[in-house]
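Colleague: Hi! Could you walk me through how the protein meets the DNA here?
Modeller: Happy to, let's pull it up.

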2 protein chains.
Amino acid sequence: MDYIALEQYLKGIGDQNRLRILTYLMHESLCVCELTELLEMTQPAISQHMRKLKDAGIVSEEKRGRWTIWSLNVRHPQYPVLIHLLSLLPAPGRTVEDLIKEGKKVMCDA
Amino acid sequence: MDYIALEQYLKGIGDQNRLRILTYLMHESLCVCELTELLEMTQPAISQHMRKLKDAGIVSEEKRGRWTIWSLNVRHPQYPVLIHLLSLLPAPGRTVEDLIKEGKKVMCDA
DNA sequence: AGATTATATAAGCATTCTCTTATGAATGCA
DNA sequence: TGCATTCATAAGAGAATGCTTATATAATCT
């Protein structure tokens with residue numbers, strides 16, 4: 001890993017909202033519309049964050065029907081470091097359980 | 001550590017030039033004018049990087065005569081993570097040995 | 001086919017970042 | 001005391017960042 005790649009990696013995870021996204025993805029894979037609900041942000045904002053994370057190799061996407069399911073790229077060389085850092089953070093305010101209660105959890109694998 | 005603090009930390013180390021600075025400091029403490037020579041950057045640019053690193057608690061300073069000696073803050077909670085990340089990087093082009101050869105190494109503790 | 005849903009992308013704007021040059025403050029030396 | 005050295009800070013320019021709104025694309029449903 002050279003200086004440019006490490007800078008890109010650290011800039012990729014060095015943002016409050018992307019850290020919140022990664023905290024969610026640490027527990028389960030989620031689609032864009034679920035992240036939009038969880039973070040209470042607009043859909044384009046989420047998509048742009050995901051692209052940045054993807055460019056840094058931190059997450060991977062899987063198209064399933066209309067949805068794009070995002071998950072942590074467990075094959076990233078610094079995946080263990082990422083998990084360590086994310087484990088320092090408190091649980092985010094809105095949980096996936098809240099989504100389920102509100103009937104907003106997507107069941108795209110059904 | 002909350003989301004804001006982790007963002008500040010990652011932004012602190014998420015810059016090519018600051019990574020180069022930290023790579024040098026991993027081996028030995030250095031003053032501003034030495035870093036200016038090693039990185040081939042202007043003195044204010046170095047000072048501004050050091051302030052950013054200091055604000056994030058990543059480095060600590062010690063005034064000695066005319067010089068400000070900077071070192072890694074080994075008491076930072078994420079110091080082990082930092083060392084791990086820095087160890088991924090190749091050795092920088094200009095070395096402290098080059099400085100000595102050129103007679104530019106400061107001996108402020110003499 | 002037409003309408004709906006999920007997502008990506010483009011353009012615009014405000015903020016932040018990182019450098020530059022200029023200047024100020026403090027220390028040590030002649 | 002006067003001067004050189006070291007460093008910090010301020011102000012400004014240009015690029016990058018992260019949002020917004022608007023629009024395009026693709027898949028699904030009726």
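**Protein and DNA contacts**

Modeller: This is a predicted model. To start, an N or O atom in the side chain of B:Lys52 is 3.2 Å from a phosphate oxygen of DNA strand C.

Colleague: Nice. What does B:Arg18 do at DNA strand C?

Modeller: A polar side-chain atom of B:Arg18 lies 3.2 Å from a phosphate oxygen of that strand.

Colleague: And which base atom of DNA strand C has a polar side-chain atom of A:Gln43 beside it?

Modeller: That one is a base nitrogen, at 2.7 Å.

Colleague: How many residues are around DNA strand C overall?

Modeller: There are 26, and the nearest are A:Cys33, A:Gln43, A:Ser47, B:Asn17 and B:His49. Of the strand C atoms that come within 4 Å of the protein, 66% belong to sugar and phosphate.

Colleague: What's the class make-up of that surface near DNA strand C?

Modeller: It has 9 nonpolar, 9 polar and 8 charged residues.

Colleague: Switching over, which residues are closest to DNA strand D?

Modeller: A:Asn17, A:His49, B:Cys33, B:Gln43 and B:Ser47, out of 26 that surround the strand. Sugar and phosphate make up 67% of the strand D atoms within 4 Å of the protein.

Colleague: Which part of DNA strand D does A:Lys52 reach?

Modeller: A phosphate oxygen, 3.0 Å from a polar side-chain atom of A:Lys52. A:Thr42 also has a polar side-chain atom 2.8 Å from a phosphate oxygen of strand D.

Colleague: And what about B:Gln48?

Modeller: An N or O atom in the B:Gln48 side chain sits 3.3 Å from a base nitrogen of DNA strand D.

Notes: Residues numbered from 1 in each chain as written. Chains lettered and ligands numbered in written order. Predicted model: local features only at pLDDT ≥ 70, side-chain atom pairs only at ≥ 80, totals over all residues. Heavy atoms only, no water. Near = heavy atom within 4 Å. Polar contact = N/O pair within 3.5 Å; in protein donor to acceptor, adjacent residues only side chain to side chain. Nonpolar A, V, L, I, M, F, W, Y, C, P; charged D, E, K, R; others polar.
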